Amino acid sequence: MAQTLTTFPRRGALVLGPLLVLGLAATACSAPGADRSSTAGPDAAVKTDLGTGPVTLQMYAETGFPLAKALADEFSKQHPNVTFNIREDQFTVIVENAPRVMASDNAPDIIRLPTMVDLVKDDLLKNLDPYVTAYGWDKFPASQLVQLRVGDETRGVGSLYGMGLGYSVTGVFYNKKLAAQVGMTQPPATVAEFEQVLAKAKTSGVQPIMQFNKNTAGINFPHQALQNQFGDPAQVADWIFQKPGATFDTPAALKATQTIQKWAQAGYFTKDANALDYAGMVGQFQKGNGLFMFNGDWESANLDKTMAGNVGFFLFPGEAAGAKHVAMSAPNTFGVSAKAKNPDAAAFFLNWVHTDAKAREIAVTVGGSSPGGPSDLPVPAAAPNTVLAETLKAAQQLGAENGAVDFTANATGGIFAAAITPEMQKLVAGQQTPEGYVKAVQAEYEKELSR
């Protein structure tokens, strides 16, 4: 493609500044580690002018999440010389396909990243450090990018290998009419209060929780919400970041698993949870067939359309009243394939997502999440009295309390598909014990790290 070239030499090291947004995730963060990618050497230079020649960006995205396509469409409106060829798959399919797809001669320029460490280790993911300097990403809040760093085969340190298309927060959506029906006048302040509401809902003939568990373990959302509160969430972050000595087999994980088993036995999940997929869960919740749904802010805009005025959101509470909130919060992570044909254009797009006013608006209105980017850029406001306004407020609260932690599903490339999903399905079906669950997950983790 024709381009006007503007080149920037790569800087040798990154200096992490104050942690502003995802503070807890940074508990595993230290000085940046070694850059082990073969795709960005000391003399690497990048082009930051998109040019006017025709460009086709290959994108591999996740089914059911419209943000990536909405951003791509807007980008092409602003830059008509760039078109997108978008392939979409379920998350578990991307987990399986990513290494093969990224190693092919037709590797995607931009890909939804299921995990990072293995892809970096296998030199399949492009090191983005040259673009950090070129675009000034080092001015972003450092904690915004900490989950996207890999150094010495450990996440949370080292070179940058991904960027977020929206920075999400998870919690609990609730049906306001059903909440009033069971006597819930405000969000529960403790885990015990939450369980009291679950019991009241069950005895009132209201389905307490609508949660999917088919194909991917949606019940891992409430499981990790409990795990985050039952112990030190820094230990959870260490395990996800593959810090030496970290383990899943902890009292907190066991207590969370015991609680999930108790909820399943009490009928707080639907009988067909293992046959309910994500779309089915959202559809049932929209129809009023569940009081609570554990999910992320990416559904906010959709729920404001389908349940206008009848849906609320809260961060999952702690064991004690007034305890700081902890929630799974992570970027909707995308990276650039090491074999991408248009890496500079891909990086231009990733920078545009964070800095363009319309792109930031789309991140909020379509993605339902914070757009990230420079801290001095305003976050587009959501309409008052909407669940989107509630989720954005919750994200700000979580940042202020330094309570964000990544998803346990992101710990290794195969942990979600090989252990968490099948073992969680067996647990809620009464075919696995809590003790067996935590040990099975840890065993798969150790197996994958030993490869």
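Is phenylalanine 248 buried or exposed? Phenylalanine 248 is buried, with a relative accessible area of 2%. That comes from a predicted model, so keep it in mind for everything below.

**Aromatic pairs**

Let's stay with that ring for a moment. The structure holds 27 aromatic pairs, and two of them are worth a closer look here. A pair of aromatic rings is described by the distance of the centres and the angle of the planes, and the table gives both values.

| Pair | Geometry | Centre to centre | Angle between planes |
|---|---|---|---|
| Phe65 and Trp298 | edge-to-face | 5.8 Å | 70° |
| Phe248 and Tyr437 | edge-to-face | 6.2 Å | 65° |

The pair of Phe65 and Trp298 links distant parts of the chain, 233 residues apart. Phe65 sits in the loop between strand S3 (55-62) and helix H1 (67-78), while Trp298 is in the loop between strand S10 (292-296) and helix H12 (300-306). Phe65 has 22% relative accessibility, so it counts as partly exposed. Trp298, at 17%, counts as buried because the cut-off for that class is under 20%.

Phe248 and Tyr437 also bridge distant parts of the chain, with their positions 189 residues apart. Here Phe248 belongs to the loop between helix H9 (233-240) and helix H10 (251-265), and Tyr437 is part of helix H17 (residues 434-449). Tyr437 comes out at 0% relative accessibility, so it counts as buried.

**Cores and a cluster**

In soluble globular proteins, nonpolar side chains tend to be buried together. In this model, the largest nonpolar core has 80 residues. Phe194, Trp239, Trp263, Leu291, Phe292 and Phe294 have the most contacts inside that core.

What is phenylalanine 194 in contact with, leaving aside its neighbours within four places in sequence? The partners are Val172, Pro188, Trp263, Phe292, Phe294, Phe314 and Phe316. There is also a second, separate core, this one of 55 residues, with Ile111, Val117, Ala340 and Ala347 among them.

Phe194 turns up again in an aromatic cluster, together with Tyr174, Trp263, Phe269, Phe292, Phe294, Phe314 and Phe316.

**The largest pocket**

About 900 Å³ of space lies in the largest pocket, and 43 residues line it. Nearest its centre are Glu62, Phe65, Phe91, Arg112 and Trp298, which brings back both rings of the edge-to-face pair Phe65 and Trp298.

Which elements each supply at least two residues of the lining? They are helix H2 (91-103), strand S9 (163-175), helix H8 (220-230), helix H11 (278-286) and strand S12 (327-336). S12 gives the most, with 4 residues. If you're thinking about the chemistry of the lining, it has 21 nonpolar, 16 polar and 6 charged residues.

**Two backbone oddities**

Most residues other than glycine have a negative phi, and most peptide bonds are trans. Two residues here go the other way on phi: aspartate 123 has a positive value near 60°, and asparagine 385 has a positive phi of about 60°.

Where do they sit? Asp123 is in the loop between helix H3 (117-121) and helix H4 (129-135), and Asn385 lies in the loop between helix H14 (357-365) and helix H15 (387-400). As for accessibility, Asp123 counts as partly exposed at 31%, whereas Asn385 is exposed, with a relative accessible area of 78%.

Methods. Residues numbered from 1 in each chain as written. Heavy atoms only, no water. Core = buried A, V, L, I, M, F, W, Y, C linked by side-chain atoms within 4.5 Å. Buried < 20%, exposed > 50% of the residue type's maximum accessible area, 1.4 Å probe, protein only. Contact = heavy atoms within 4.5 Å. 1 Å grid on protein atoms, 1.4 Å probe; cavity = no way out; pocket = protein on both sides within 12 Å on 5 of 7 lines; lining within 4 Å. Points joined across faces, edges and corners; volume = space filled by probe spheres on them. Nonpolar A, V, L, I, M, F, W, Y, C, P; charged D, E, K, R; others polar. Phe/Tyr/Trp six-rings, centres within 6.5 Å; stacked < 30°, edge-to-face > 60°.
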